[in-house]
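Biologist: Before I plan around this protein, could you take me through the model step by step?

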Amino acid sequence: MNSSPCLPAKSCLLVRPIEFQFIWMIRAALAVLLAGVLLVPGEGRAEGWHVRIGDHNELPPMFLAVDKSRQEFFILERHSPLAIRAAYPCTTGQADGDKQFEGDLKTPEGVYFIVTKLSSGLDFAEYGGLAYTLNYPNPVDRINGKSGYGIWIHSKGHEIVPKETKGCIALNLPDLLNIGGEFVSGLPVAVSDSLEIEGESPEDQQISAALVHKSRAWAAAWSGRSKEMFAFYDPERYSIANESFAAFRSNKERLFQMFPWLHTIISNVQALSGPGYWVTWFNQYYRAPNMTAEGIRRLYWQQGADGAFRIVGMEWIEQDVGMASEYLETVEPGISDFIETWRLAWENGDIKTYIDAYAPDAVQAGRRGRNAIKQQKETLWRSAKPAKVEFSGVFLATDSGGIKVDMHQSFRDAKGFSDRGIKTLILTPTATGWAIVSEEWSAES
C-alpha cells in the first residue's frame with residue numbers, strides 16, 4: 001500500500017494517512033494482546049536513533065529507509081529535492097531499541113547495504129520465500145561492540161503485524177514482490193527508531209562535501225604511494241572494526257616499496273549519515289603491476305576529539321563496475337601530452353628529451369636499454385635528421401605493463417626518405433608521468 005509522497009518546503013514528519021494509521025494502530029493493539037505483552041505504566045520506548053535526513057548533493061539517487069516507531073518502510077529518491085516515492089507497512093524486532101547482541105530481538109539502527117538476494121531454501125512461514133541480506137554488523141557496529149548476524153529484509157507467509165520479527169525487517173509479500181526488483185546489491189538502507197525528512201541541510205551539505213573531498217584525497221594518496229594516506233585513519237578504531245592498523249600499514253608500505261607504480265581512481269562518490277558516523281561509498285578501480293581490480297569501496301568516518309573526520313572502518317566488494325574505460329579516459333590526457341613531447345623531440349632531433357622518454361631497460365626493435373637506443377639514434381640522425389613525424393588514430397588499452405598505445409605513424413627525414421606504418425608503445429607509469437618500456441613498428445603494406 002503506497003502513501004502519498006511528502007514533499008516538505010522545509011521540514012516534514014512522516015505521517016501516514018489517517019485511515020491507514022487507524023488500521024495499523026488496531027493491528028498493533030491486537031498484536032500486543034495476542035502476544036500477552038504487559039505495558040508497564042510510565043515505561044517509555046528505549047532511546048534510539050532519531051534521524052533527520054537532510055537534502056544534500058551527495059545523497060544517492062535512491063535509497064531505502066525504515067521508521068521503527070511507525071513501522072513504515074520508505075523508498076526515497078533524490079532528483080533535487082529529496083522525496084518519498086513510496087511507503088509500505090513493515091514490521092521489525094519484537095523488542096524496542098538498537099540491537100546490541102545476538103538474540104535480543106532488536107532491529108539494528110544505522111546505515112546498511114543490501115548484500116544479496118535469497119529466493120530459495122527459505123521457510124515460507126517465516127520469510128515468505130524472499131529475502132535480501134544486509135551487512136550487519138557494519139564496521140561501526142563492531143567498534144560499538146555489537147554482535148549478532150542474519151539481519152534481512154524479508155517477507156512473511158502471512159499478513160504482517162507490528163513488531164513480530166527477531167530483529168529483521170519484514171514486509172508483506174505482495175509489497176516485497178512489487179519493489180524487490182529494485183533491491184540491487186549495494187543499495188543503502190537507513191534504519192532508525194524515528195525518521196524525518198527535512199529540506200536543504202547546510203550542515204549535512206558541508207559535511208558530505210568535505211567527506212567526498214577527503215575520499216578523493218585518500219585515493220590520490222594511495223595512488224601516489226604516499227605515507228600521507230595513513231593520516232586519514234583512526235588507528236585505534238580501525239583496529240577494532242577491520243584489522244590491526246599496524247599490520248595494515250606495514251603491508252601497504254611494503255607494496256609501496258615493491259611496486260614502481262599504483263593507480264587508484266574513484267568515481268560516483270556518495271555519502272549518507274548514520275548514528276554517530278558517516279559513510280562514503282564509490283566505484284573504485286585499482287591497478288598495480290601484478291593485478292587489476294574494481295568494485296565498490298565504503299569508508300566509514302567518525303569525528304575524533306579534535307573534530308576531524310577519520311576513517312574508522314572500510315568495506316570492499318569486488319565486482320565489475322565498468323571502470324576500465326573510465327580509467328583510460330582518466331589517464332588519456334597525460335599520455336597524450338607525453339606522446340606529443342616525445343614526438344616533438346624526435347621530429348626536432350632533440351636526443352636528450354627523446355631518450356628521457358624511455359625507461360632504463362626499454363626495448364626498441366631489438367635494442368635494449370637507453371644507451372643502445374641513444375647510440376642507434378645518434379648514428380642515424382648524423383646521416384639524416386628527422387624532418388616530419390606524425391601520429392594519428394591513437395588507441396589506448398590496458399596492458400600488464402601499463403598502457404598499450406597503437407597509432408598510425410608517418411615519418412620523413414631530411415633526405416626525403418619516408419615510410420608509414422603502425423607504432424605500438426607500452427607505457428609504464430612513473431612518479432612523474434610515463435615512460436616507454438617497449439616500442440614496436442610494422443610497416444603498412
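Biologist: Is P81 buried or exposed?

Modeller: This is a predicted model, in which local features need pLDDT of at least 70, side-chain atom pairs count only at pLDDT 80 or more, and totals for chains, interfaces and linings use all residues. Residues are numbered from 1 along each chain as its sequence is written, and side-chain values use heavy atoms, with hydrogens and water left out. Buried means under 20% relative accessible area, exposed over 50%, and partly exposed in between, with a 1.4 Å probe and protein chains only. Because its relative accessibility is 55%, P81 counts as exposed.

Biologist: Where is the place of P81?

Modeller: Strands are DSSP runs of E with at least two residues, and helices are runs of H or I with at least four, both numbered from the N terminus. Between β4 (72-78) and β5 (82-91) lies a loop, and the place of P81 is in that loop.

Biologist: How far apart in space are P81 and G199, C-alpha to C-alpha?

Modeller: In sequence, 118 residues separate P81 from G199. In space, their C-alpha to C-alpha distance is 7.6 Å.

Biologist: In which order do the eight strands close into a barrel?

Modeller: Two strands pair if DSSP finds at least two bridges between them, and in this barrel the pairing is mixed. The order of the eight strands is β3-β4-β5-β9-β8-β7-β6-β10.

Biologist: Which residue in β10 stands opposite D67?

Modeller: Strand β3 (residues 62-67) and strand β10 (residues 188-192) run parallel and are joined by four bridges. Opposite D67 in β10 stands S192.
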